[in-house]
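Got the viewer open? Then let's go for a walk, one selection at a time.

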Amino acid sequence: MSQTSILAAVSAPVSTLEPEINDELRELEVVSRDLETHTLSANTRRAYAGAWRDFAAFCSVHDLEAMPAHPETVRWYVAWMSVQLDDLGGPRWSVATIRQRLAGIADAHLRSGALDPTAHRGVSGLVRGLAKLRAMRPKRKRPLLLDDVMRVITAMDHDVYPAGVSAARDSVAVWLGFAGALRRSEAAGLTLDDLELHQRDGVHIRVGATKADQDNSAPDVVVLPYGSMPSTCAVCTLHRWVALLVADGDQRTTMRLLLGYQIDEHVCGRDGGPGLVSSADLASPTPLLRATYRNRRLATIHGRGVTGDALHTMLRTRIAEAGMDPGTYGFHSLRAGHVTQARRNGASTEEIMRAGRWKKAETVDVYDREWNPAARNSVMRLGL
Ligand SMILES: [Zn+2]
């Protein structure tokens, strides 16, 4: 061996190895460098980065410091995550995801040399409690079927002042959730000019692009149908409420409208003739479901709209007033109820997808599995 080749072997030992081993070492070198700089997998790093962005956004909305974060801030964040719902009314984030988010927050703090706020006992205790609670309670909002909806609406004081004012609004909200299968944020966001009276169908409602289909910016049209009876007529309910809005606080007109509440007569124009309100009354970009205030003697309708959360609370209160346990119900129970009731009455998956504005049949299947186990199930065809 010449002098030069010995030196070459010392300075670059890799070059003296067999070609295959050489390649293997090169690969190992890549792996070791990867291990060094990325102690976390790419997926975990992405999840941590997302977790941090979300937490920082939460802090910014609530005017809280994200870095370093106080353990109390993290507790609020956990509580907030625990009550967010997904498209099916179930928890939006699993406990495992919430834990991963906390790991992301911990990672960001440790890398900045700050104390890890998620290590605080108050935070870990909260997550453990949530895990136990989730294991105990059913995950999704129970559906409200037509009988339940009728019970809730019938229990309201419709024909007395001032209680009848909020009853008129709440009945509309209930029908929007049940017949229209609207989410609470969609119902709360409607303005009068989103509605169009339709002689044959009842009312057409334009619902903006939803979170479920962000890439589809064209609004969907939801139908609020006439009822065979005035008591099941969503359109009558809408006419009554909009008539109160048109009356604009005039107490005598309002009282006359409320006292004229007749469950045995359509006021929607279904049987021909004019309804209580006309298309011209809907030509306004003002909120449909407005906040109301009432004391024992007086009811006022505000100009601003209700929030989705207020609709949720309203429904639970109305359910309790109807003598039912509001425990597992929420505004989403109306949308879930639409699916379940329609399925029991023989609706096809395609029909339900259209009403719920779902793009995937699997979503409807989830409702079926949970609340309609007998639907499209051969057990019903055994001739028993
Ligand atoms: Zn009617």
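Start by selecting alanine 320, which sits in helix 12, residues 308–321. Keep in mind as you click around that this is a predicted model. Alanine 320 has a relative accessible area of 40%, so it counts as partly exposed. Now add alanine 155 and draw a distance between the two C-alpha atoms: you should get 9.9 Å, although these positions lie 165 residues apart along the chain.

Next, hop to serine 284, in the loop that runs between helix 11 (251–259) and strand 4 (290–294). Buried or exposed, would you say, for serine 284? It's buried, at 17% relative accessible area, because the cut-off for buried is under 20%. Show side chains here and pick threonine 286 too: its side chain and that of serine 284 make a polar contact at 2.7 Å.

Now for the rings. Select Trp52, Phe55, Phe58, Tyr77, Trp80 and Trp93 together, and you have one aromatic cluster on screen. The count of aromatic pairs comes to eight. Zoom in on tryptophan 80 and tryptophan 93: the ring centres are 5.7 Å apart and the planes meet at 45°, so this pair is tilted. The two partners come from distant parts of the chain, 13 residues apart, with tryptophan 80 in helix 4 (residues 71–83) and tryptophan 93 in the loop between helix 4 and helix 5 (95–111). Switch on a surface and compare them: tryptophan 80 is partly exposed, with 28% relative accessible area, while tryptophan 93 is buried, at 9%.

Before leaving the cluster, add arginine 101. It lies over the face of tryptophan 93, 4.6 Å from the ring centre.

For another ring pair, select tryptophan 358 and tyrosine 367. This aromatic pair is tilted as well, with 5.5 Å from centre to centre and 50° between the planes. Both tryptophan 358 and tyrosine 367 are buried, so the relative accessible area of each is under 20%.

Last stop: leucine 384, in the segment after helix 15 (361–371). How does leucine 384 count, buried or exposed? Exposed, with a relative accessibility of 91%, and the cut-off for that label is over 50%. Extend the selection to Val379, Met380 and Leu382, and with Leu384 you have a nonpolar patch on the surface. Together these four residues offer about 490 Å² of accessible area. Colour the patch and leave it on display as you look back over the tour.

Conventions. Residues are numbered from 1 along each chain as its sequence is written. This is a predicted model: local features need pLDDT of at least 70, side-chain atom pairs count only at pLDDT 80 or more; totals for chains, interfaces and linings use all residues. Side-chain values use heavy atoms; hydrogens and water are left out. Patches are made of residues with over 30% relative accessible area and no salt bridge: like charges are joined within 9 Å, nonpolar side chains (Val, Leu, Ile, Met, Phe, Trp, Tyr) within 5 Å. Accessible areas come from the Shrake-Rupley method with a 1.4 Å probe; for residues, only the protein chains shown count as cover. A salt bridge is a side-chain nitrogen of Lys or Arg within 4 Å of a carboxyl oxygen of Asp or Glu. Helices (H or I, at least four residues) and strands (E, at least two) are DSSP runs, numbered from the N terminus. Buried means under 20% relative accessible area, exposed over 50%, partly exposed in between (1.4 Å probe, protein chains only). Rings of Phe, Tyr and Trp (its six-membered ring) pair if their centres lie within 6.5 Å; planes under 30 degrees apart count as stacked, over 60 as edge-to-face and the rest as tilted. A charge sits over a ring if NZ of Lys or CZ of Arg is within 6 Å of the ring centre and within 35 degrees of the ring normal. A polar contact is a pair of N or O atoms within 3.5 Å; within protein, one must be able to donate a hydrogen and the other to accept it, and residues adjacent in sequence count only if both atoms are side-chain atoms.
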